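Here's a quick briefing to keep next to the viewer while you click around. It starts with one residue and works outward from there.

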Amino acid sequence: MTKSRTRIIDLLKMQAGVTVQAKGWVRTKRGNKNIAFIALNDGSTIHNVQIVCDMSVFTEEQLRPVTTGACIRVKGELVPSVGTQQSVEIKASEIEVYGTADPAVYPLQKKGHSMEFLREIAHLRPRTNTFGCIFRIRHAMAYAIHKYFNDNGFVYLHTPIITASDCEGAGAMFQVTTLDLKNPPKEKDNSIDYSKDFFGRQTSLTVSGQLEGELGALALGEIYTFGPTFRAENSNTPRHLAEFWMIEPEMAFYDIVDNMDLAEDFIKYLVKYALENCAADIGFLNNMIDKDLINRLEGVCDTEFVRLTYTEGIEILTASGQDFEYPVSWGVDLQSEHERYLVEKHFKRPVILTDYPKEIKAFYMKENPDGKTVRAMDILFPKIGEIIGGSQREENLETLRRRIVEMNMSEESLDWYLDTRRFGTAPHSGFGLGFERLLLFITGMANIRDVIPFPRTPKSAEF
Ligand code: ATP
Ligand code: MN
């Protein structure tokens with residue numbers, strides 16, 4: 001609650017007649033000898049407040065440093081506005097320049113920069129209209145996620161970021177070490193002696209909080225994690241980051257159908273929350289980025305997701321006659337082109353695909369009686385492909401151990417995890433939602449690098 005200024009979002013809702021003080025960054029300035037107009041933005045809303053400067057009150061000298069990008073303080077009377085979309089504007093009586101932005105070098109002069117250019121100046125892009133919208137929406141979605149789970153009795157469990165478990169082999173991992181890379185301690189066989197490392201063992205950044213999440217669910221009932229995850233894959237696509245945020249609910253006593261029902265309800269809640277609470281920002285993105293955005297968002301709230309098995313999905317894809325880059329047959333992992341064909345061309349709505357071949361899924365997924373498939377479920381979205389991956393977990397100790405052996409994993413290092421099945425095991429399920437994939441959908445942006453403030457991708461980690 002700062003007393004030294006009124007935020008523009010609040011100021012634009014006030015009645016004319018009061019004296020106000022606004023602080024923010026200049027978007028544009030125009031005018032003539034008699035009058036100047038400044039569009040001021042402070043990040044609280046997509047809307048600018050118009051500042052009117054009567055040039056009998058100010059000298060040209062005073063207004064010269066007020067250029068695009070400069071930071072100023074303005075005091076004045078709030079008066080009814082005729083010329084702008086807003087109902088009020090500020091008739092300035094005082095202007096102080098906090099910081100200038102030399103027009104010869106400030107890079108955000110004109111509107112209409114390409115996303116690629118803005119990515120090169122990612123440290124300044126929050127000052128643009130588009131990225132202001134995106135980061136406000138990102139905040140609102142993070143809040144909505146916590147609200148949804150809190151309202152539904154879930155416990156927010158903090159799973160570790162540095163981990164010694166390589167969760168399911170979900171992805172290649174970034175190693176965490178304090179060893180001297182030029183001269184690491186060696187074992188007799190010349191391999192690295194990790195007992196000398198910081199934790200006395202080899203550790204990495206987590207690829208998923210799920211295994212630890214299961215420990216929580218089998219004690220607390222319903223839990224969720226929401227934190228950064230890391231994958232050291234060389235995936236240069238518009239849908240992959242090396243550091244991304246994931247939401248992972250895990251629920252005791254949920255079967256695969258309960259799991260799908262929760263995921264569908266959750267994602268519809270988030271989309272509705274965005275439409276109701278981020279209307280101005282989404283409206284801007286709809287106009288500037290993607291004219292079909294609001295349509296698509298409303299569409300998701302109103303439609304039931306299609307549910308079908310992987311096997312049925314493969315049948316549709318092979319019967320489609322499409323010339324896919326990666327050919328399809330039963331057993332292959334689906335590529336984004338396949339997922340998007342099902343969603344965008346065939347069903348024209350979100351799809352939940354279930355019962356994948358066990359060979360292409362993780363060891364912990366519950367085996368079906370057919371012995372070939374597991375109770376996995378992926379949710380596929382228009383323009384994105386996979387947005388959620390989840391499953392019912394294998395709760396039977398012996399089946400789980402057999403899977404670990406079949407997949408050449410180390411039973412010993414998973415002993416702590418197997419204890420959940422040894423002692424008081426229970427049916428349970430969970431899923432992972434990629435936060436940035438959700439934001440791609442909600443903002444209509446095309447590249448995942450543009451929905452996270454500081455993207456980390458192969459060969460790129462600025463700031
Ligand atoms: P994909 O097949 O798209 O690479 P995945 O199957 O490896 O994803 P999971 O391990 O199932 O992904 O992770 C759960 C969710 O996390 C995914 O559904 C997706 O929304 C998100 N996700 C996975 N990898 C990334 C990534 N590299 N960058 C951003 N989000 C990701
Ligand atoms: Mn997945």
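Thr-420 sits in helix H12, which covers residues 415-422. Keep in mind that this is a predicted model. With a relative accessibility of 10%, Thr-420 falls in the buried class, because anything under 20% counts as buried.

**Thr-420 and its surroundings**

- The side chain of Thr-420 has a polar contact, at 2.9 Å, with the side chain of Arg-421.
- Setting aside residues up to four places away in sequence, Thr-420 touches Leu-215, Leu-218 and Thr-425.

**Glu-394, another residue linked to Arg-421**

- Arg-421 turns up again among the contacts of Glu-394, where neighbours within four places in sequence are left aside.
- The rest of that contact list is Tyr-364, Met-365, Lys-366, Glu-367, Thr-399 and Leu-400.
- You'll find Glu-394 in the loop between S15 and helix H11 (397-406).
- Is Glu-394 buried or exposed? Its relative accessibility is 3%, so Glu-394 counts as buried.

**The ligand site**

- Ligand 1 has 14 residues around it, and Arg-231, His-240, Glu-386, Ile-387 and Arg-437 come nearest.
- On the side-chain front, an N or O atom of Arg-231 is 2.9 Å from an oxygen atom of ligand 1.
- Glu-386 also takes part through its side chain, with an N or O atom 2.7 Å from an oxygen atom of ligand 1.
- The protein buries 80% of the 580 Å² that ligand 1 exposes when taken alone.
- The backbone has a part here too: a polar backbone atom of Leu-241 lies 2.9 Å from a nitrogen atom of ligand 1.
- Which strands each supply at least two residues of the shell around ligand 1? They are S11 (243-252), S15 (385-392) and S16 (428-434).
- S15 gives the largest share of that shell, with 4 residues.
- By residue class, the shell around ligand 1 splits into 6 nonpolar, 4 polar and 4 charged.

**Helix H13**

- Arg-437, one of the residues that come nearest to ligand 1, is also one of the buried residues of H13.
- H13 runs over residues 435-443, and 9 of its 9 residues are buried, so the helix is largely enclosed by the rest of the structure.
- The buried set in H13 includes Phe-435, Leu-438, Leu-439, Leu-440, Phe-441 and Ile-442.
- Glu-436 and Thr-443 are buried in H13 as well.
- Right after H13 comes Gly-444, with a positive phi near 80°.

**Leu-157 and its long-range partners**

- Leu-157 belongs to the loop between strand S6 (155-156) and strand S7 (162-163).
- Its relative accessible area is 22%, so Leu-157 is partly exposed; the reason is that buried means under 20% and exposed means over 50%.
- Ile-223 is 66 residues away from Leu-157 along the chain, yet their C-alpha atoms are separated by 6.2 Å.
- Not counting residues up to four places away in sequence, Leu-157 touches Ile-223 along with Glu-212, Gly-213, Gly-216, Leu-220, Tyr-224 and Thr-225.

**Cysteines**

- How many disulfides does a search of the whole structure find? The search comes back with 0.
- For Cys-53, the closest cysteine sulfur is in Cys-71, and at 15 Å that is too far for a bond.
- Seen from Cys-71, the closest cysteine sulfur is the one in Cys-53, again 15 Å away and too far for a bond.
- Why is 15 Å too far? Because a disulfide calls for a pair of cysteine sulfur atoms within 2.5 Å.
- Cys-53 is buried with a relative accessible area of 0%, and Cys-71 is buried with 14%.

**The whole protein**

- The protein has 13 helices and 16 strands.
- Its C-alpha trace spans about 85 × 55 × 45 Å along the principal axes.
- Of the 463 residues in the protein, 51% are buried.
- Among contacts with a separation of 6 or more, 66% join residues 24 or more positions apart.
- The accessible surface of the protein is about 22,400 Å², and carbon and sulfur atoms account for 51% of that surface.

How values were computed:
Residues are numbered from 1 along each chain as its sequence is written. Chains are lettered from A and ligands numbered from 1 in the order in which they are written. This is a predicted model: local features need pLDDT of at least 70, side-chain atom pairs count only at pLDDT 80 or more; totals for chains, interfaces and linings use all residues. Side-chain values use heavy atoms; hydrogens and water are left out. Buried means under 20% relative accessible area, exposed over 50%, partly exposed in between (1.4 Å probe, protein chains only). Contact means heavy atoms within 4.5 Å. A residue is near a molecule or strand if one of its heavy atoms lies within 4 Å of it. A polar contact is a pair of N or O atoms within 3.5 Å; within protein, one must be able to donate a hydrogen and the other to accept it, and residues adjacent in sequence count only if both atoms are side-chain atoms. Accessible areas come from the Shrake-Rupley method with a 1.4 Å probe; for residues, only the protein chains shown count as cover. Ala, Val, Leu, Ile, Met, Phe, Trp, Tyr, Cys and Pro count as nonpolar, Asp, Glu, Lys and Arg as charged, and the others, Gly among them, as polar.
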